[in-house]
Amino acid sequence: MKDFLRKLEFPAFIKDSRLTAAVVIILALSFLGSIVAMIMNPLFGLAMVVIFILTVVCIVYGAYILAGNANNFAVSLSYRIKRSEQEAMIKMPLGILLYDKDRQIQWVNPYLQLYLKDDDLVGHTIKSVDPDLDKLIDDSLKAKTAENQVVNWDNHQFEMVVQDNLGVIYLLDITRYAKIEQKYNNELLAVGQIFIDNYDELSETMHDQELTTTSSYVQNTLSDYAKKYHAYLKRIDEDHFLLLLHTQDLTQMEQDKFSVLDKLRLETSRNNTPLTLSIGISYGSSLITELADQAQSNLDLALGRGGDQVVLSQPGSAAKFYGGKSNPMEKRTRVRARMVSQAISELFKDADRVFVVGHANPDMDSVGSGIGVVKIARLHDVKANFVLDVNKTNYDVGRLVAKMQQTQDDQEMFISPEAALESLTDKSMLVMVDHSKYSITYSKELYDRLRNRIIVIDHHRRGEEFPENPMLTYVEPYASSACELVTEMVEYQQPNSGQRVLTDIEATAMLAGITVDSREFSLRTGTRTFDAASYLRSIGASSVGVSELLKEDIDSFLQRTRLVSSLKMIGPEMAVLCGDDNKIVDPIITAQAADTALDLENVEASFAITRRAKDMIGISARSMGDINVQVIMEKLGGGGHLSNAATQIKNVTVQEALEKLLDAVDTYEKENE
């Protein structure tokens, strides 16, 4: 009996204290009942004792049987689990490979054996069996990430895990699911908006039959192009189309570089009715409203950059640009200039103070246009100043400031950034002239304080870096200069009788700004440029005064000459000028050197590379118009105009900046082959 009890193993659930207590209570009650029955009736008591003994025997025997069955079940379950693990290691669709420190294969499960094909693998190195797999292992270890790697191997896609410390590789074939994901991504909707840039202007000069023919040609050309790429095209206005397509078809359009831009421009030009398109396309989101909003923003960006181009992006990502090869100089009308002039006047009336700010290292165009905006604001009795530290200026701007102080025309024209910050209020307004980027603005603190009350007046192509919610935007990239835009706005102002908007020196400063940015009326110059110059001359601007303001000092001339003497050709009709890596050169001199290089034979584009600061290299790019230097500079993080652009690169040498420039030029040439 003792041996039996010693061998008796109760299962865990019987050892539970609550169940044990219940059994003890039942036995105690049975024993107590037997004693009571014995007292009352010995015969009945004897029967109760027998029943009590049988109950104890049955409970013990049942517990023994139950314990044996539980142990057998646990052993069987453990065996089945281990057997399942072994079967899974061998048969489940997961490739497993064990290797040693020399990457010699020690074991491969049958599933992975199917991909490696060779039967005799053990003892061979992974590299000798499959070099591609060995390279994938190296790449995975170099990545040093806790996430599983998705790799392409043997025409399949795998999710790979490498445990190098254990010498194990796991490869899960996810080709089927990758195809499903790819199909989903390919069939995501892309939304586009197409706008005919100058349809209204051309339609005003056409008779009805010619207008109908041109409209039909545009419709048919776009319809054929959309049909080629399985896209849906709907004309929603005379100059506005809606485009819907799948992402996979958009990729094919992108590979084609949106050839419809060139086709429509060239064909309509042959018929003396040149039309260009601006297209904004958004993709990569499952929300149609988000796509529609992004497509509209992309279209606005394309128009702000001068039109004749495609802006392509997905919400939250950087935009890609295609086209922009033409110089859309004659697309502008005076109607917009008049409307902007009236609108800015109304906005000024609601402000108690106007601050006008140019870009960092302001040049004559930046200062001249800023002076014009200040005088427009003062016409409406609004206190206005141009933000400039007069003690830190370029030589030409310094000469202008000195002349204005000598003539005492306006002693309160300029205000330092510190004084501007102290005097601004919640009703103050900031006008950004000759730039639209926060990164190059003259006073970032002023921008931050007035970011919700900003007006932008610029002639450079609009980039992605742009004020979020400007009160008014006047970006005309086909104008020669910001001074030209502001001059047209001044023309539409109506001063009181006998009151002059600009003094002689102020008009001269604005004419100097036009002269500088148009390279003495040789680049980006249209009829409107000469109209603006003529108006400035009529109100007192002096060509002699312009020459005096723009005179170069001897040191600057010698620096520019040395820079030009370093000229080297880097490609067909492209030249580069490199300054000394240990010498800081004024950005104005750098730009002038790039301009001078264009005067040389067989030079259609020039790039001047100099050190701007201890940790910064600047590149000024100029072009005669056939080469789009803005696109090249954007590849290096800069921007500007089709024929006038620049960028700044931190923590590189002049030679490293040159190598980056050469890579950008190569990419540009490949894109335009």
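**Exercise 1. In which helix is Thr515 found, and is this residue buried or exposed?**

Solution. The model is predicted: local features need pLDDT of at least 70, side-chain atom pairs count only at pLDDT 80 or more, and totals for chains, interfaces and linings use all residues. Residues are numbered from 1 along each chain as its sequence is written, and side-chain values use heavy atoms, with hydrogens and water left out.

Step 1. Thr515 is found in helix H19, residues 504-517. Helices (H or I, at least four residues) and strands (E, at least two) are DSSP runs numbered from the N terminus.

Step 2. Thr515 has a relative accessible area of 11% and is therefore buried. Buried means under 20% relative accessible area, exposed over 50%, and partly exposed in between (1.4 Å probe, protein chains only).

Step 3. Apart from its neighbours within four places in sequence, Thr515 is in contact with Glu520, Phe521, Val546 and Leu550. Contact means heavy atoms within 4.5 Å.

**Exercise 2. Describe the surroundings of strand S10, residues 309-313.**

Solution.

Step 1. Five of the five residues of S10 are buried. Gln309, Val311 and Ser313 point one way, whereas Val310 and Leu312 point the other way.

Step 2. S10 pairs with strand S9 (residues 277-282) in the parallel sense over five bridges; two strands pair if DSSP finds at least two bridges between them. In this pairing, Ile279 stands opposite Val310. From S9 the chain passes through helix H12 (residues 288-304) to S10, in a left-handed β-α-β crossover. A crossover is right-handed if, with the strands pointing away from the viewer, the path from the first strand over the helix to the second runs clockwise.

Step 3. S10 and strand S11 (residues 320-323) run antiparallel and are joined by four bridges. Phe321 in S11 is the bridge partner of Val311. The hairpin of S10 and S11 has six residues between the strands, and Gly316 takes a positive phi near 85° there.

**Exercise 3. Which residues form a nonpolar patch on the surface?**

Solution.

Step 1. The patch consists of Phe31, Leu32, Ile35, Val36, Ile39 and Met40, with about 640 Å² of accessible area together. Accessible areas come from the Shrake-Rupley method with a 1.4 Å probe; for residues, only the protein chains shown count as cover.

Step 2. Patch residues have over 30% relative accessible area and no salt bridge; like charges are joined within 9 Å and nonpolar side chains (Val, Leu, Ile, Met, Phe, Trp, Tyr) within 5 Å. A salt bridge is a side-chain nitrogen of Lys or Arg within 4 Å of a carboxyl oxygen of Asp or Glu.

Step 3. Leu32 is found in helix H2, residues 17-40.
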